[in-house]
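Work through the exercises below with the sequence and the 3D view side by side. Try each task before reading its solution.

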Amino acid sequence: MRINPVQAVLASVAILSTAVLAEAIKPRELLASTEVAPDLDKIIPRDFGSWHLIPNVGLVTPSEPGAYLERDLSTRIYSQEVARGYADSAGNMIMFLVAYGPVQNYRLKSHLPEVCYGAAGFRVSAKAVTQLSYQDGAAPLTVSRLTAEKERRFEPITYWMKVGGDVATGVFDRQIARMKYGLRGIIPDGALIRVSTVGLSETVSYKLQDQFIHDLLAALRPQDRKFFTG
């Protein structure tokens, strides 16, 4: 088949223009370079409300061997990681994790807990998304819920992610948030916030987790609260 020279030239111009445009709008500025992330270990209180810190609690974390298939990659994703256990006055225990990374792009992005737990050998349930009210007059926080089970360990989990100033609960809305920043030439930072319990039913666990999240956010300074809620 003979190729029309004019069509060939137009096709070449279109391909070149697309490549130039893609390079021109490629995100280049790190949001983390213009907005300083708080020191999570300092701003997250060790005691608040009826909750107090308890030592030596085993959590599934992004840097745990076997938790991810690409451990070196996950190590580069997170620049801050806080993993703690808390108990209330009745002895109920909460496991709390916050992992922050300054770069969220197509290659480096926070891992979803369902991926993390699945890679660590847990059976993970289907995810549900719900709204959590944490402060009068504030928009509710959108969170994800799922359960992870391994041998005798049954762990209901509540989590959400931050992409820049947006809250995300899954792959789709995380992609939308990254695209929104990308169109402005910005590479957003990101964080994973996760709360879980062991040894309690789903209903009791989620009620306890909601109370913990409410109490934690109420204990933070307003400027620090924004890091978690957007």
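Contact here means heavy atoms within 4.5 Å. The model is predicted: local features need pLDDT of at least 70, side-chain atom pairs count only at pLDDT 80 or more, and totals for chains, interfaces and linings use all residues. Residues are numbered from 1 along each chain as its sequence is written, and side-chain values use heavy atoms, with hydrogens and water left out.

**Exercise 1. The surroundings of Val-98**

Task: find which residues Val-98 is in contact with, leaving aside neighbours within four places in sequence.

Solution.
- Step 1. Start with the lower numbers: the partners include Leu-40, Ile-44, Gln-80, Glu-81 and Val-82.
- Step 2. Go on along the chain: Leu-192, Ile-193, Phe-227 and Phe-228 are also in contact with Val-98.

**Exercise 2. The largest nonpolar core**

Task: state how many residues the largest nonpolar core has, and which elements give two or more residues to this core.

Solution.
- Step 1. Fix the terms. A nonpolar core is a set of buried Ala, Val, Leu, Ile, Met, Phe, Trp, Tyr and Cys residues joined through side-chain atoms within 4.5 Å. Buried means under 20% relative accessible area, exposed over 50%, and partly exposed in between (1.4 Å probe, protein chains only).
- Step 2. Count. The largest core has 27 residues, and those with the most contacts inside it are Leu-40, Ile-44, Phe-96, Val-98, Phe-212 and Phe-228.
- Step 3. Assign elements. Helices (H or I, at least four residues) and strands (E, at least two) are DSSP runs, numbered from the N terminus. Two or more core residues come from each of helix 3 (40-43), strand 4 (80-87), strand 5 (93-101), strand 8 (141-150), strand 12 (190-196), helix 7 (202-219) and helix 8 (222-229).
- Step 4. Pick the main contributor. Helix 7 supplies the largest share, 5 residues.
- Step 5. Look beyond this core. Another core, of 15 residues, lies apart from it, with Leu-146, Ala-148, Ile-157 and Val-163 among them.

**Exercise 3. Helix 7**

Task: give the reach of helix 7 from first C-alpha to last, and list its buried residues.

Solution.
- Step 1. Helix 7 has 18 residues and reaches 26 Å, close to the 26 Å expected at 1.5 Å a residue. The expected span is 1.5 Å times one less than the number of residues.
- Step 2. Its buried residues are Ser-205, Tyr-206, Leu-208, Gln-209, Phe-212, Ile-213, Asp-215, Leu-216 and Leu-217.

**Exercise 4. Salt bridges**

Task: say how many salt bridges the structure holds, then place three of them.

Solution.
- Step 1. A salt bridge is a side-chain nitrogen of Lys or Arg within 4 Å of a carboxyl oxygen of Asp or Glu. The structure holds 7.
- Step 2. Asp-210 and Arg-145 meet at 3.0 Å, N to O. This pair links helix 7 to strand 8, 65 residues apart. Arg-145 counts as buried because its relative accessible area is 12%. Asp-210, at 23%, is partly exposed.
- Step 3. Glu-114 and Lys-127 meet at 3.4 Å. Glu-114 sits in helix 5 (residues 113-119), and Lys-127 in the loop between strand 6 (123-124) and strand 7 (128-132).
- Step 4. Asp-41 pairs with Arg-46, closest N and O atoms 3.3 Å apart. Together with Arg-84, Asp-41 and Arg-46 are linked in a network of salt bridges.

**Exercise 5. Val-167**

Task: is Val-167 buried, partly exposed or exposed, and what does this residue touch?

Solution.
- Step 1. Val-167 is found in strand 10 (residues 166-168).
- Step 2. Val-167 is partly exposed because its relative accessibility is 27%.
- Step 3. Not counting residues up to four places away in sequence, Val-167 touches Leu-141, Thr-142, Trp-160, Met-161, Lys-162 and Thr-229.
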